[in-house]
Amino acid sequence: MRDSARAVIIGGGIGGLSALYHLTLEAWTDVILVERDELTSGTTWHSAAQCPNLAFNQLLLGLRSYTIELYRELAGDPDYPINYHHAVGGLRLITDQDQLDACHHIISVADGMGVVLELLSPREAVEKNPLLNPDGLMAALYDPLDGDIDPAQLCQALARRARRAGAEIQRHNPVEALTQRADNGWIVHTRNGDIRCEHIVNAAGYRANEVGKMIGVEYPIVSMEHMYFVTEPIDALRQRETRVAMVRCPRDRFYLRQEKQGLLVGIYEQDCKTFGVDGIDPGFVNALCPNDLDRCLADLEPVFARLPCLQEAGIQSMVTGPITYTADAGPLVGKTPGRRNCWQINGLRVGIGEGGGYGKMLAQMMTGGQTDWDCWQLDPRRIPGGTTLEYTALKAIEDYRHEFQWHLPHEHRPAGRPQRTTSLYSTLQDAGATFGVVNGWERVAFFKPAPNFVETHGYRLPNWHDTVEAEVKSLADGVGIAEISGFNIYCIRGKGAAEWLERLSCSPVPSRPGKVGLCYFLNRHARVEAEATLARLEPDCFWYCSAAAAEQHDWDRLHEHLAPGSDIEINRLTGAYSTLVLAGVDAPSVLDAIDGGDGWGKFPKMSLRSFAIAGHEVVVMSVSYSGEQAFEIHIHDDNLVDVYQALLAVGKAYRIGGFGAYAIDSMRLECGYAHWKADLLDEFNPIEAGLSRHVALDKAFVGRDELIRQIQAGARRQRMLLEIDCEFATAQAGETVYQDDRVIGSITSAAWGYRTDRNLAMAYLLPDYCRPDTECSVRLLGRTRPAAVVGSRVFPPGAEAADRRSCTDESVVRSNNGSNRSR
């Protein structure tokens with residue numbers, strides 16, 4: 001057995017074996033997988049092993065489509081065939097309007113990616129699966145490629161191909177310790193000896209935290225005990241030559257598939273149970289949890305009503321085993337926060353159904369640093385640092401109880417909240433704030449119009465539509481105040497800091513103290529990786545301010561580019577400082593009244609200064625994300641309430657009011673401002689992302705040569721703003737843009753523009769369709785609605801006309817016939 005490798009993967013389930021196989025496809029063949037026991041001896045072996053094509057967003061649709069194609073190809077290998085029931089078909093049962101609206105949404109998303117989904121009537125659903133009782137069904141969403149596969153055979157096929165490519169698999173060789181070397185490589189201490197390697201991958205499944213303890217990491221992963229049962233043969237299935245369609249029910253939280261001449265039925269019971277929180281028996285290998293049908297009895301009644309055949313069929317066997325959940329139910333695939341050359345592929349709740357795609361994405365990250373799609377929703381750094389096991393368990397229980405129930409727009413479920421708050425939280429609660437969540441932080445969405453007001457969630461115009469309109473319009477003739485909780489701030493200080501930042505950013509760095517700049521950071525593939533406001537406080541001192549969600553991502557990225565022995569220090573101020581935004585026509589007057597002068601109306605944009613409010617020093621930046629005159633006020637959190645109350649007291653004379661994130665999202669969309677990881681994706685370079693004015697090609701920066709090459713080759717997509725002719729709903733991320741029946745793009749974000757009274761959406765379009773006034777269409781809630789390109793912005797007044805005047809043949813970058821995927 002080898003004692004050195006380029007990478008060592010720890011864990012031999014679907015995650016580890018998929019990563020191993022895909023690394024060999026990326027030409028990393030000097031790779032070792034170590035497994036404490038036999039392959040697939042964890043969660044994988046008892047998986048229900050369903051392989052749906054249906055998913056609730058673009059990335060997961062892509063991962064599942066790739067996974068199905070991979071499994072189909074593996075199963076067709078005559079030298080090692082796999083038992084794969086491909087394209088049996090699957091039904092998602094729809095029993096209420098919100099579910100129907102959600103299905104119309106996902107049909108639009110899928111259509112732009114070439115994924116076929118069909119909306120069936122109850123009668124048509126019963127034709128696909130005659131065991132169903134159609135009572136109460138509105139419709140069913142049909143996935144023709146749904147199926148199931150033998151998980152053990154699948155994993156052995158991946159192992160076989162990886163070995164043939166040169167990878168090594170060491171079974172019955174548990175990892176006992178991990179040591180990181182000074183060069184950031186690793187020593188993997190196993191029972192059979194040490195292995196020196198450059199990279200490690202934690203693919204240990206429900207034992208991920210046992211491996212994590214070896215490097216001082218607690219992963220936000222908790223396992224849940226999940227039960228399914230297999231029935232005895234059913235007469236109706238004995239008489240069929242073809243398999244019945246698989247079924248998933250959001251309302252009753254169950255799934256079924258055919259198992260020989262019986263059914264395999266899985267239940268997501270409300271009286272659910274975590275697994276292994278206090279430790280896992282080392283001997284728990286190829287093992288199951290004790291069966292406890294009693295805790296599922298209350299959940300079985302509606303299942304038996306939907307499937308009357310179960311009332312007569314006996315249970316042949318039961319399986320209760322652990323499946324892993326994370327703090328937000330999504331997988332953890334990518335870099336381990338705060339560790340170099342340390343990767344993970346864990347929390348794979350849908351490990352078989354998406355495992356091929358996860359392995360491919362991880363292999364691309366490790367070998368090239370760039371994946372086919374933006375994978376932020378897989379990135380472990382999206383989970384807030386310091387997330388506790390207790391919080392993760394609460395979210396795991398919540399997500400288990402809501403299995404198959406997709407989140408509705410703006411829905412933030414309550415378990416574990418509040419996780420992170422500023423000192424202003426209770427004051428805002430008392431003022432009637434409704435909160436959403438950003439990176440664990442409670443952030444004001446809007447202020448209730450009445451104390452008993454309850455926010456509704458759905459795909460149609462919400463009940464807060466008029467409320468948010470009033471918040472937005474109050475800025476036009478007065479002043480508003482908002483708290484941006486969790487705003488990410490790092491202090492970067494030291495000799496050469498300015499030059500270092502210049503090399504990292506494709507944008508000009510502020511040239512002198514007192515100036516602020518919006519800067520973008522590319523990877524070596526010239527794709528947009530980060531966005532930050534850089535504020536130069538002193539010659540060698542900057543504040544790096546970025547989106548709350550970017551906290552761990554940007555921290556790791558900056559340190560990865562910091563040379564060993566550098567004099568530059570990076571200190572985290574996030575949480576210690578909080579941010580208020582004062583915006584509107586009278587915002588300068590409020591600051592003048594506090595400052596005792598009349599200079600704030602003339603204060604240059606993208607500048608900063610320090611002064612005192614309520615006796616506390618604050619840093620004020622003239623920066624606007626709304627198009628209105630605005631100031632960001634950065635305050636130590638200890639002084640936040642005092643400063644807020646002082647601003648309210650002075651602002652009373654100017655009709656000051658609160659506004660929240662929904663108002664900000666509306667205003668920034670009217671201005672054409674992009675949102676990181678909604679509109680700014682690492683699938684695109686800054687030219688395609690509409691950031692040309694922030695790119696300085698006359699200096700050296702990361703990705704410059706590749707960006708020049710891509711500019712010469714021509715843009716694949718362009719970020720543009722659309723207006724949609726629709727009064728009943730706004731668009732949602734991922735929905736497809738058409739011209740006639742041709743897919744020309746897809747939407748990344750959308751909102752109602754209250755100042756312009758326009759239904760707006762931001763989208764990436766094929767370049768030939770980017771001229772203002774280009775007609776197109778979108779499908780909202782199953783209805784085709786006309787739309788048009790309006791340019792890059794519609795606010796301030798006159799911006800749209802300016803876009804039209806500047807749109808010449810030379811300004812439209814021609815297509816290089818990129819892929820049909822429209823994001």
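Buried means under 20% relative accessible area, exposed over 50% and partly exposed in between, using a 1.4 Å probe on protein chains only. The model is predicted, so local features need pLDDT of at least 70 and side-chain atom pairs count only at pLDDT 80 or more, while totals for chains, interfaces and linings use all residues. Residues are numbered from 1 along each chain as its sequence is written, and side-chain values use heavy atoms, with hydrogens and water left out.

**Exercise 1.** Work out why Cys776 and Cys342 form no disulfide (a pair of cysteine sulfur atoms within 2.5 Å).

*Solution.*
- Step 1: Start with Cys776, which is buried at a relative accessible area of 8%.
- Step 2: Look for a partner: the closest cysteine sulfur, in Cys770, is 10 Å from that of Cys776, too far for a bond.
- Step 3: Turn to Cys342, also buried, with a relative accessible area of 2%.
- Step 4: Its closest cysteine sulfur belongs to Cys197, 9.9 Å away, and that is too far for a bond.
- Step 5: Check the total: the structure holds zero disulfides.

**Exercise 2.** Find which helix gives the most to the lining of the second largest pocket.

*Solution.*
- Step 1: Count the lining: 38 residues, with Lys335, Met365, Gly369, Glu529 and Glu560 nearest the centre of the pocket.
- Step 2: List the elements that each supply at least two lining residues: strands E11 (193-202), E18 (332-335) and E19 (342-346), and helices H9 (351-368) and H14 (551-560). Helices (H or I, at least four residues) and strands (E, at least two) are DSSP runs, numbered from the N terminus.
- Step 3: Pick the top contributor: H9, with four residues.

Conventions
A disulfide is a pair of cysteine sulfur atoms within 2.5 Å. On a 1 Å grid over the protein atoms alone, a cavity is a set of points where a 1.4 Å probe fits but cannot get out, and a pocket is an open set with protein on both sides within 12 Å along at least five of seven lines; lining residues have an atom within 4 Å of a point.
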